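Colleague: Hi, could you pull up the model so we can talk through the rings and charges?
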Amino acid sequence: MEMISVQQAEDIIFSQIRNFGTEEIFYENATGRILAENILADRDLPPFDRPTVDGIAISFKSYERGIRDFTIKAVQAAGESPLSIDEENECIEIMTGAALHSSVDTVIRYEDILINNNVASINIDIKKGQNIHLKGRDKKSGEILVKANQVITPSILGIASSVGKTSLKVKKLPRVAIISTGDEMVPSEHTPTPFQLRRSNGITIQSVLKKYKIDADWLHWNDDFELIKKELSQCIDSYDILLMSGGVSMGKFDYLPKACEELGIKKLFHKIKQRPGKPFWFGKSQNEKLVFAFPGNPVSVFMCLHRYFIPWLEKSLEIREKPQYVVLQNDIDFPFSLQYFAQVKLSMNPSGQLIAESVNTNGSGDFSHLAETDAFIELPLEKTVFKKGEVYKIWRYNF
């Protein structure tokens, strides 16, 4: 199978969208999860007519009859049963958010009255119904307050709490294993020999997935074909998704493609016309588990994760896509027939446009710039020169 385009790779990956079902969780644990049900109003909102200011409540008919001085019959706080007036020259001193009785229909602020000897005098022109938030004005009972298929935020939790939804239906998350490979990779806490490297891809992927509340397991396999095959067989049974880094290029110790083949994991593609991340391998097992096998270089892993896996995950969880485009701030020459993903710093110009400035790096092994950049800009395969002022799509990672 020859190298495929970025668009073809995306199409193949998106043909493998999965639904992992739903579960009920306690609302205090729901931040960052994906809501799988609409949240409805359990009663009219607001549930009663209520003042939007502190002041007095009167019947507007009395004002129309020329009454300007009102005896304060009682004081009513929020949460108390509504108090009525019996005489047309009476008023209720009332606080913001309290329930209005049907005998009053207009509220005047403290700032617009004078109170003397328990009599409130109005000294401004007023309108009927002023300063009142009417029952059901925001939403009627049974109406949708929050639509399904969005990330649960603090504001959504506040709404859920206000309607008594302490248990929320959310999308189940896939069980994910992150697998790094390579004899030359030692644990981060170890001191490497001059010819070894510390492992970094596993923690990078793991922390990206935490944003989606996925607690992925992280394993490391050395370059031993039989070991890889045995462990891979077990993982395919235990997890929904395997995210692998290393072992997919053309080297003598790149065993993953062969191990997958022998276990009946069908290759859907291997190698994309892109830089970084050309040797990316993608396949699925007989029991419909997916294997995303990224090249081992840290920048390749980071790019393939954000360009392919995260969009696949968001589509599977039915999170609405929010593509972003930027205006390039400097010329880029890339004289290869590959789709180029350049690291860029993002900022906003005075016109409110998102702008991107590319950073020169030393290839996919040079991950030092990932901390100071914000996104990969996707530069099309058909061109080799990209000019300042042109607009391209980006894939954000630091935000």
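Modeller: Here we go through the aromatic pairs, the charges over rings, and one histidine.

Modeller: Keep in mind that this is a predicted model.

Colleague: Sure. How many aromatic pairs does the count come to?

Modeller: The count comes to 18 aromatic pairs. One of them is F302 with Y397, an edge-to-face pair with 5.0 Å centre to centre and 65 degrees between the planes.

Colleague: Which parts of the chain does that pair link?

Modeller: Distant ones: F302 sits in helix α7 (residues 298-316), while Y397 is in the segment after β28 (391-396), and the two are 95 residues apart.

Colleague: And are F302 and Y397 buried or exposed?

Modeller: Both F302 and Y397 are buried.

Colleague: Nice. Which residues do ring pairs link into a cluster?

Modeller: The cluster is made of F20, F269, F280, F282, F292, F294, Y308, F309 and W312. Y308 also has R307 over its face, at 5.3 Å from the ring centre.

Colleague: What sits over the ring of F225?

Modeller: That would be the charged end of K258, 4.3 Å from the centre of the F225 ring.

Colleague: Changing topic, where does H369 lie?

Modeller: H369 is in the loop between β25 (354-358) and β26 (375-379).

Colleague: Why does H369 count as buried?

Modeller: Because its relative accessible area is 17%, and buried means under 20%.

Colleague: How far apart are H369 and K345 in space?

Modeller: They are 9.9 Å apart, C-alpha to C-alpha, with their positions 24 residues apart in sequence numbering.

Methods. Residues are numbered from 1 along each chain as its sequence is written. This is a predicted model: local features need pLDDT of at least 70, side-chain atom pairs count only at pLDDT 80 or more; totals for chains, interfaces and linings use all residues. Side-chain values use heavy atoms; hydrogens and water are left out. Rings of Phe, Tyr and Trp (its six-membered ring) pair if their centres lie within 6.5 Å; planes under 30 degrees apart count as stacked, over 60 as edge-to-face and the rest as tilted. Helices (H or I, at least four residues) and strands (E, at least two) are DSSP runs, numbered from the N terminus. Buried means under 20% relative accessible area, exposed over 50%, partly exposed in between (1.4 Å probe, protein chains only). A charge sits over a ring if NZ of Lys or CZ of Arg is within 6 Å of the ring centre and within 35 degrees of the ring normal.
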